[in-house]
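Thank you all for coming; I would like to walk through one structure with you, going from a single helix to the cores and then to the open and closed spaces. Please have the sequence and the model in view.

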Amino acid sequence: MNYSQKLKRLQERRQPDYKQYSLDKAFSAEDYKSEIEEAQEYVTRAMEELPARSTEISYEEGNRVKQHLKEELPNYGFNPDFKYQGSVPCNTHIKFHSDIDLLVIIDKFETVENSARIRNRYTGDPKEDLTRLRAACIKILKENYTVADIEKNSKSIKISGGSLRRQIDVVPANWYNSENWYNYNLDYYRGIQIFDSKTKERYKNFPFLNIHLIDEKDMQTCGLYRPLVRLAKTLKEDSESNINISSYDIQALLYNMDNSNFFQNVKDTLIYTTDYLYKTVQNPYKYQSLVVPDGTRRIADKVDINEVRKLCNEFYTLSDELGII
């Protein structure tokens, strides 16, 4: 795929009314760009954050769904908390129509990391409570969004279409009170457990700590970390190979890159990123040591090293096209 095609695909993701005009007309003969100029433009635009209005719409639609659940879940015996997680709160999303994750956090019980802190042990059944919460969410969504598409996955309820301008992923969960949350009294140390309706298991996660650490990383790198994540996600999206790495793990992979490898000069950043990824895939022991920002697991637990190699190849090809390696 040449960079003219990649620019076209990038534009389609970032601008919803793209097809109202022709890219060929936008770049007339007088404005002809060489392959290297198109590659440079591709990098520049891939690293940019999306227009503010795009993100606003994601939150507006998330709040619509949240309001229906907030008003009606008490009728089913629930008064949950609502929080957002994912690429939109992290500001690393690359699509105008980015979906947004809405956590619905049950009020019946909380899981405590240190059992010694438990004063009044919960006598109910957490799995049954979460099953009922999930069922109530599905019923409310079906009643309020009669023409929307509702897809029931094991960990989320995806609702899209109809009057909704975005896909909303409704995720039932419970609070997970970590020792750090008690000791430091900082909200981002409070975790959650996401409920898997298929296995009836709950999986620990720290989405608010992840958002906080990404904020910190971006500040420590003078605002260069998020653009690099967007570029990596864009390269994955436009790759002719199927690169099986989630957005979360791309963030984690680049989070592990030393801050000294980020430069205001984009070319230098690309050189060091390519070198970092190359050294990572050449050293499986190093790769096995890389963990996600919140420290809950290794990247290798979910991402095969060959997938990282594919992403490395995309960075190498881009750097080669730009003539910087």
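Helix α6 covers residues 126-144, so named because helices (H or I, at least four residues) and strands (E, at least two) are DSSP runs numbered from the N terminus. With 19 residues, α6 reaches 27 Å from its first C-alpha to its last, close to the 27 Å expected at 1.5 Å a residue, where the expected span is 1.5 Å times one less than the number of residues. I should say at once that this is a predicted model, in which local features need pLDDT of at least 70 and side-chain atom pairs count only at pLDDT 80 or more, while totals for chains, interfaces and linings use all residues. Residues are numbered from 1 along each chain as its sequence is written, and side-chain values use heavy atoms, with hydrogens and water left out.

At the N-terminal end of α6, D125 acts as a cap, with a side-chain oxygen 3.1 Å from the backbone nitrogen of K127. The buried residues of α6 include P126, D129, L130 and R134, buried meaning under 20% relative accessible area, exposed over 50%, and partly exposed in between (1.4 Å probe, protein chains only).

Let us turn to the cores. A nonpolar core is a set of buried Ala, Val, Leu, Ile, Met, Phe, Trp, Tyr and Cys residues joined through side-chain atoms within 4.5 Å. The largest one has 44 residues, and among those that touch the most other members are L231, L253 and Y287. Among the helices that each supply at least two residues of this core are α1 (3-14), α9 (225-238) and α13 (305-321). A second, separate core of 27 residues includes V88, I100, L164 and V170.

Leaving aside neighbours within four places in sequence, Y287 is in contact (heavy atoms within 4.5 Å) with residues including L253, I299 and V308.

And which residue of helix α7 might we look at? N180 has its place there, in residues 179-184, and N180 counts as partly exposed because its relative accessibility is 34%. Not counting residues up to four places away in sequence, N180 touches N185 and Y189. The C-alpha atoms of N180 and S289 are separated by 23 Å, although these residues are 109 residues apart along the chain.

Methods. Polar contact = N/O pair within 3.5 Å; in protein donor to acceptor, adjacent residues only side chain to side chain.
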